[in-house]
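Biologist: Please give a close account of a single part, the interface of chain A and chain B. How many residue pairs does the rule find in polar contact there?

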2 protein chains.
Amino acid sequence: MVRRMTARPANAHQARLLRLLRDGGPNSRAQLGDQVELSRSRLAVEIDRLLETGLVVADGLAASRGGRRSHNIRLAPALRFLGVDIGATSVDVAVTNAELEVLGHLNQPMDVREGPVAVFEQVLAMAAKLRATGVAEGFDGAGIGVPGPVRFPEGVPVSPPIMPGWDGFPVREALSQELGCPVMVDNDVNIMALGEQHAGVARSVRDFLCIKIGTGIGCGIVVGGEVYRGTNGSAGDIGHIVVETDGRQCACGNRGCLEAYFGGAALAKDAEAAARDGRSGELAARLAEAGSLAATDVSAAAGAGDACAIDLIRAGGTRTGQVIAGLVSFFNPGLVVIGGGVTGLGHNLLAAIRTQVYRQSLPLATGNLPIVLGELGPVAGVTGAARLTSDHLFSPA
Amino acid sequence: MVRRMTARPANAHQARLLRLLRDGGPNSRAQLGDQVELSRSRLAVEIDRLLETGLVVADGLAASRGGRRSHNIRLAPALRFLGVDIGATSVDVAVTNAELEVLGHLNQPMDVREGPVAVFEQVLAMAAKLRATGVAEGFDGAGIGVPGPVRFPEGVPVSPPIMPGWDGFPVREALSQELGCPVMVDNDVNIMALGEQHAGVARSVRDFLCIKIGTGIGCGIVVGGEVYRGTNGSAGDIGHIVVETDGRQCACGNRGCLEAYFGGAALAKDAEAAARDGRSGELAARLAEAGSLAATDVSAAAGAGDACAIDLIRAGGTRTGQVIAGLVSFFNPGLVVIGGGVTGLGHNLLAAIRTQVYRQSLPLATGNLPIVLGELGPVAGVTGAARLTSDHLFSPA
């Protein structure tokens with residue numbers, strides 16, 4: 001693909017102006033001036049330079065505030081970001097404008113175990129399909145989330161347990177080549193947290209946890225408004241926190257991990273067992289029809305009033321709540337967001353998690369602590385991925 | 001006491017110069033210039049202004065680097081900080097110079113439950129005693145650590161479980177009045193982490209955990225070189241993370257908390273039980289002699305080869321290690337420091353903690369993870385307290 005030579009801001013003031021326009025939309029020079037601590041003349045210089053780069057364009061006259069009318073400016077309407085959210089069993093690809101509004105979004109089943117070459121072939125085909133709809137001619141930046149730890153500065157997955165063939169694969173470099181634009185790579189849970197922070201339930205919260213319950217379970221950690229990734233990029237990997245000493249065998253080789261008890265994979269396994277040993281007629285009927293069960297079947301069975309399905313969800317929520325309770329005591333967040341595929345389990349899950357956290361964590365840490373479902377669903381990850389790459393582009397070169 | 005009118009730096013450059021002199025000691029203008037990104041003339045202006053405030057003094061000629069010899073400067077030798085580390089059962093008070101070297105240090109038994117008025121009477125008497133030795137005429141700032149959560153911006157303890165009478169007490173305001181200098185208040189575990197970061201085993205580590213095992217158990221969290229305090233100041237309160245569902249009754253009202261199993265208080269209780277029911281002759285003899293047991297008795301008995309005492313330490317270390325293992329998976333720190341009163345339990349404790357963490361945490365998170373005892377012992381808290389107040393004083397006013 002043709003490389004787009006998107007300009008970068010020359011200094012921190014320009015970067016801040018770009019981010020204000022991204023997060024607040026088109027604005028007048030006067031109102032931007034109120035938000036940045038720059039003299040009027042310096043502000044004019046920086047905006048003029050941004051106009052020269054083409055990152056920003058004039059957008060008509062602003063409403064009068066008494067005195068000379070100020071010119072509106074906005075981010076270039078042609079700017080496009082690609083957001084990619086790779087899960088264990090499906091992939092979301094979306095195109096956003098510079099304000100990170102989703103202009104086109106595709107979701108397809110996919111198996112991350114097929115390895116990076118096959119997966120990125122699919123991702124590129126999906127991106128091409130979106131381009132063909134006319135929402136984008138090319139991309140100014142792309143953000144990719146993968147379901148495993150990432151060495152963030154290099155954009156390389158490291159020892160991802162559920163992603164054979166991905167260890168050390170140069171995702172950033174390879175995709176940057178293919179897409180002809182800068183690429184940022186991060187853990188899928190971190191981009192979900194960024195998405196909920198940008199446009200979802202975590203807007204304006206500085207310190208929060210974002211728990212993603214999909215096939216596995218992970219946690220995005222936001223400290224002072226920034227994603228915290230840890231020393232090796234594995235921070236938030238809570239699926240293998242032990243909830244039961246000498247408990248169930250986990251795929252990781254250890255015993256008693258949270259993921260051995262809950263998450264999409266464990267829930268499907270427990271549901272199939274319940275279907276086979278006669279505890280749930282509803283699940284048995286679904287198993288007979290489909291040959292296998294998924295978390296969505298448990299959700300549907302629970303919705304139909306199946307007591308066994310409801311029990312499975314509650315038990316999983318209680319286990320997850322045990323782990324979150326410890327994290328809340330440790331981290332004292334201002335908000336806990338629950339997201340990911342199994343949020344279709346809805347209020348049974350949320351109730352079980354809340355009960356456990358409010359019972360086990362310190363009262364001081366839970367006093368004003370909301371525990372809520374994410375607002376954005378599958379849009380969270382792709383929005384966060386686009387945000388990640390825009391943060392990079394809207395930084396001094 | 002006479003209020004000392006200590007100057008504050010006028011801008012961020014001056015603040016940075018003061019911190020460089022604090023952390024690196026006396027230095028030449030030329031070498032300071034290499035470390036800050038200032039033009040030669042601007043550097044000269046900022047240093048001249050600092051010399052005018054009296055925070056910095058000239059200190060002779062530096063060694064030649066070829067060319068004109070540069071003048072050395074240093075922080076004013078008369079600057080004095082007071083560091084106070086209030087534990088559950090004892091208090092440390094120390095005086096440092098501007099480079100945070102301890103010039104005098106007192107430790108006395110104390111009961112935090114006697115409330116803030118009695119405790120601060122004792123602290124002020126100890127500070128007066130130190131002054132009487134000639135190490136300080138007055139103080140330019142004081143830092144205070146208390147064994148409970150603190151609303152950091154206001155310097156007020158909030159709902160501290162083991163500190164009846166302290167809830168909402170205006171520590172910062174009251175002591176600032178008495179001492180005639182600015183006072184900063186923080187959790188005791190945070191000042192321990194700051195101390196180990198400034199002069200101990202955590203020098204140059206950006207993300208680490210500092211576990212303090214004293215009467216209770218807490219954790220200092222350092223993110224990107226800064227203490228993370230959480231939304232209500234209760235971050236790191238890990239003593240009440242549940243390690244056993246429906247387990248032992250804890251003083252907090254919950255069941256199965258870590259502190260119900262380990263920490264100085266739980267260990268003493270377990271040791272007395274072992275002494276009474278004949279499991280340990282060594283502990284029985286000590287109990288008969290003293291009427292009660294403390295963690296130090298278990299340590300001494302273990303040192304004398306008492307198998308029961310060693311078992312108690314190992315069991316406690318294993319429980320603590322369970323909790324730390326989860327935190328390591330979650331936080332992916334670059335270092336874990338173990339400190340506090342029970343570090344006298346030494347290598348039996350450390351071995352049990354390490355075994356559990358290396359067994360339970362993700363390999364990626366433990367691959368390069370040192371788990372070590374703190375270097376500074378009782379000096380960590382007072383050094384960190386002095387560092388806290390120096391960070392405040394060496395910030396733009």
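Modeller: A polar contact is a pair of N or O atoms within 3.5 Å; within protein, one must be able to donate a hydrogen and the other to accept it, and residues adjacent in sequence count only if both atoms are side-chain atoms. The model is predicted, so local features need pLDDT of at least 70 and side-chain atom pairs pLDDT 80 or more, whereas totals for chains, interfaces and linings use all residues. Residues are numbered from 1 along each chain as its sequence is written, chains are lettered from A in the order in which they are written, and side-chain values use heavy atoms, without hydrogens and water.

By this rule, 16 residue pairs, both members at pLDDT 80 or more, are in polar contact across the interface of chain A and chain B. Zero salt bridges are found there (a side-chain nitrogen of Lys or Arg within 4 Å of a carboxyl oxygen of Asp or Glu).

On the side of chain A that touches chain B, at least two residues come from each of β12 (217–223), α11 (307–331), α12 (346–360) and α13 (363–366); helices (H or I, at least four residues) and strands (E, at least two) are DSSP runs, numbered from the N terminus. The most is given by α11(A), with six residues. By kind, this side holds 18 nonpolar, 17 polar and four charged residues; Ala, Val, Leu, Ile, Met, Phe, Trp, Tyr, Cys and Pro count as nonpolar, Asp, Glu, Lys and Arg as charged, and the others, Gly among them, as polar.

In total, 39 residues of chain A are in contact (heavy atoms within 4.5 Å) with 39 residues of chain B. The area buried between the two chains is about 3000 Å², and carbon and sulfur atoms give 59% of that area; buried area is the accessible area (1.4 Å probe) that two parts lose on being put together, summed over both. In chain A, the residues that lose the most area to chain B are Y228(A), F330(A) and L364(A), together 26% of what that side buries.
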